[in-house]
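Please open the model in your viewer and keep the sequence panel beside it, since each stop on this tour begins with something to select.

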Amino acid sequence: MTITERIDAITGIPDEYRRPDPPCPRSVKIELTGRCNFACSFCARSMRLRRQADMDKELFSRLVREMREAGVEELGLFYLGESFMVDWLPWAVEFAKVECGFPYVFLTTNGSLAAPGRVRACMEAGLDSLKFSLNYADEQQFQAVTKVKPTMFDVVERNVLGARAVRDEVEKETGHRCGVYASYIEYDGDQGRRIHTYATRLRKHVDEMYALPLYNQAALVTKREKELGWKPTAGNRGRSGALREPLPCWALFTEGHITWDGLLSGCCFDHTKEFTMADLNEVDFMEGWHSGRFLSLRRANLDKDVRGTPCETCVAYN
């Protein structure tokens, strides 16, 4: 199954999940850290609307084991932070794959810290998918978007090429194949044209590359994006080429999202804890998945009437 097929399977809500108390999600993203070394214009993380630290390893172990026993099949070792900032990332991959038996463990990175040695450790531990978020076309655009030194642009590109080389080596040595992928944001105007050229150049070095619309991150960065001349899309409609309707939002039904401090969120972009559905320090995963707050917000989404809920501003409801 390709990465876009997996994405589409999650963003397209199956009939059996279109209920306030859906079955266990097939996919969950768990945040090893809330920290990131970038301060991207399109991301609300740099606004520091919540405390940002690393997940406790014991909490991680308990939750990952719980989720696998409940039936979760795909585990993303990231959420809003940059997981390569965590030194025990390879251990987390191995724990999920070997100790808990997850069929598919995946990771998204900004690429700046994904040096070949660190990537090799993750792949040898059993990582199934490594995706680079490449949301800029050149050094100038890189600095403007990420707010870090422009020389890092070349570092990221070298790490993408290095990851592909490492993947081929590890596959030859062990037989395990980790997919290497990339995504980019479809900006507007000249910025969009520039990044399309860049994406075309790098496409041959990854197994698959796909485009994403410019999200408003639960309406937290809408004003900033518009000031930059960009046109954000309402809600999280999946990837470009397979956009879903904003309501009901798939993130409430088919994929779990867990913050570094153990909060189960109902949103892909919960930078404020406004979407907290349960505290998994106090309840187990499935109890949180079927919490009263979750059921109520899902009902509103199914009714396509989210007035007075945290989803209201995100989907630009009126």
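**A first stop at Lys304**

Select Lys304 in this predicted model, and you will find that Lys304 is partly exposed, with a relative accessible area of 47%. This value lies between the limits of 20%, under which a residue counts as buried, and 50%, over which a residue counts as exposed. Show the backbone as well, and notice that Lys304 has a positive phi of about 55° although it is not a glycine. Most residues other than glycine have a negative phi. To see the surroundings, colour the loop between helix H10 (292-303) and helix H11 (311-314), where Lys304 is found.

**Lys273 and a cis bond**

Next, select Lys273, which sits in the loop between strand S8 (263-265) and strand S9 (276-279). Lys273 also has a positive phi, near 70°, without being a glycine, and with a relative accessibility of 42% Lys273 is counted as partly exposed.

Then move to the loop that runs between helix H8 (222-227) and strand S7 (255-258), and pick out Pro248 there. The peptide bond leading from Leu247 to Pro248 is cis, with omega near -5°. Most peptide bonds are trans.

**Across the sheet**

Now switch to a cartoon view and follow the open sheet of nine strands, whose order is S6-S5-S4-S3-S2-S1-S7-S8-S9 and whose pairing is mixed. At the edges you will meet strand S6 (208-212) and S9, each of which pairs on one side only. If you look along the sheet, neighbouring strands are turned against each other by 25° on average, with direction ignored.

Begin at the S6 edge, where strand S5 (residues 179-185) pairs with S6 in the parallel sense over five bridges. To see one of these pairings, select Tyr181 together with its bridge partner in S6, Glu208.

**Strand S1 and its two neighbours**

Finally, select strand S1 (residues 27-30); are the residues on its two faces buried or exposed? Both faces are covered, with Ser27 and Lys29 buried on one side and Val28 and Ile30 buried on the other.

With strand S1 still highlighted, add strand S2 (residues 74-76), which pairs with S1 in the parallel sense over three bridges. Here the bridge partner of Ser27 is Glu74 in S2. Then add S7, which also pairs with S1 in the parallel sense, over four bridges, and look for His257 in S7, the bridge partner of Lys29.

Definitions and conventions:
Residues are numbered from 1 along each chain as its sequence is written. This is a predicted model: local features need pLDDT of at least 70, side-chain atom pairs count only at pLDDT 80 or more; totals for chains, interfaces and linings use all residues. Side-chain values use heavy atoms; hydrogens and water are left out. Buried means under 20% relative accessible area, exposed over 50%, partly exposed in between (1.4 Å probe, protein chains only). Two strands pair if DSSP finds at least two bridges between them. Axes are lines fitted to C-alpha atoms, for helices over the stretch in contact, and angles run from 0 to 180 degrees between N-to-C directions.
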